Amino acid sequence: GLMLLSLAACGGKDDVVKFGVLEIESSGANKAHDSAHSELESPEYTYYKNLSTALMDLNSGKITVLCLEEASAAYVVARNDKLAIADTGDEAFNVDFSMMTMENNKEVYDILNNAIKEMKADGTLATLIENELKAYINSDPETKELPKFDGAKTIKVGVTGDVPPMDFVASNGKAAGFNIALLAEIANRAQVNIELVQVDTDARAMALSSGNVDAVFWTKSVTCSKCNESWGESIDDTLVTESYFTDKSAFVVLKSDK
């Protein structure tokens, strides 16, 4: 969900900056937090379970910086003229988006991973990112109908609705955004049915391990090229697909009145 290894991707050396980060509950993320903590000179962090609460606190001044990925930051700023994206120079981190299944669900993993690999190889993914993702940043994502195939295998995928323009629930209650465009392409290639299941961001791993869903969207890794560090967020007994999109981290701040 903002599938960000929060501290790792939001490092700051200024102890008066109040960072807002979206929380992930996983042992891998906690390890990343610990390793990042040792790198930082204790800025103040507030953890959020969803984006709307974080934005409220940014607007009210409770936090001074909200760390998101660039696509989400652009989406948020395009809809709020009080907000801006801060220039952080070359401090950016790369965030790799992927999908995750349980290890004992290798059939679903292979379907998803093979489709992502094919889409990368034949250029479909690059076209989707260029067209769909940019369109969704500038206008609210349309709801896409996922294809249906009689008698085909059904894969249940957890969506949070909390990472526009990637994972987004439209006003009519239907999931929309780039991840749905991606799933439609996977469904067509693999000739499978995809059923969307609404899950809370911090309950994704639980939904997966309990069998409520077959797959969730996940962060494969966060990489800091400048400090030559990479943080993974794997969970025991799971498989993570190849990354389908890499984005940089971005800082959203209130515009100054000057």
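At roughly what angle do the axes of helix α4 (residues 70–78) and helix α6 (residues 124–138) cross? Keep that in mind while you load things up. This is a predicted model, numbered from 1 along each chain as its sequence is written. Local features need pLDDT of at least 70, side-chain atom pairs count only at pLDDT 80 or more, totals for chains, interfaces and linings use all residues, and side-chain values use heavy atoms, with hydrogens and water left out.

**Whole chain**

Start with a cartoon view: the chain has 8 helices and 14 strands. Helices (H or I, at least four residues) and strands (E, at least two) are DSSP runs, numbered from the N terminus. Of its 258 residues, 52% count as buried, where buried means under 20% relative accessible area, exposed over 50%, and partly exposed in between (1.4 Å probe, protein chains only). The accessible surface comes to about 11700 Å², and 47% of that belongs to carbon and sulfur atoms; the areas come from the Shrake-Rupley method with a 1.4 Å probe, and for residues only the protein chains shown count as cover. Take the contacts (heavy atoms within 4.5 Å) between residues at least 6 apart in sequence: 80% of them join residues at least 24 apart.

**Select α4 and α6**

Two packed helices are described by the angle between their axes and the distance between the axes. Here the axes come within 8 Å and cross at roughly 30°, which makes α4 roughly parallel to α6. Axes are lines fitted to C-alpha atoms, for helices over the stretch in contact, with angles from 0 to 180 degrees between N-to-C directions; under 35 degrees counts as roughly parallel, over 145 as roughly antiparallel, 65 to 115 as roughly perpendicular and the rest as oblique. Now show sticks: Ala 71, Ala 74, Tyr 75 and Ala 78 in α4 meet Leu 133, Tyr 136 and Ile 137 in α6. By class, that contact has 7 nonpolar, no polar and no charged residues.

**On to helix α5**

Pick Ile 111, in helix α5 (residues 106–121). Ile 111 is buried, at 19% relative accessible area, and touches Lys 153, Ile 155, Ala 190 and Val 192, leaving aside residues up to four places away in sequence. Step along to Leu 112, also placed in α5, and buried with a relative accessible area of 0%. With the same residues left out, Leu 112 touches Met 99, Thr 101, Ile 186, Ala 215 and Thr 241. Try a distance label too: the C-alpha atoms of Leu 112 and Ile 186 are separated by 6.9 Å, although the two are 74 residues apart along the chain.

**Loops around β7**

Go to Thr 160, in the loop between β6 (154–159) and β7 (162–163). Thr 160 is buried, with a relative accessible area of 11%. A polar atom of its side chain lies 3.1 Å from the backbone nitrogen of Asp 162.

Next, select Pro 164 and Pro 165, which are joined by a cis peptide bond with omega of about 5°. Pro 165 lies in the loop between β7 and β8 (167–169).

**Backbone oddities**

Most residues other than glycine have a negative phi, and most peptide bonds are trans. Which way does phi of Gln 191 go, positive or negative? Positive, near 55°. Gln 191 sits in the loop between α7 (178–190) and β10 (193–198), and is partly exposed at 46%. Finish on Asp 237, which has a positive phi of about 65° and is found in the loop between β12 (229–232) and β13 (238–240).

Technical notes: Polar contact = N/O pair within 3.5 Å; in protein donor to acceptor, adjacent residues only side chain to side chain. Nonpolar A, V, L, I, M, F, W, Y, C, P; charged D, E, K, R; others polar.
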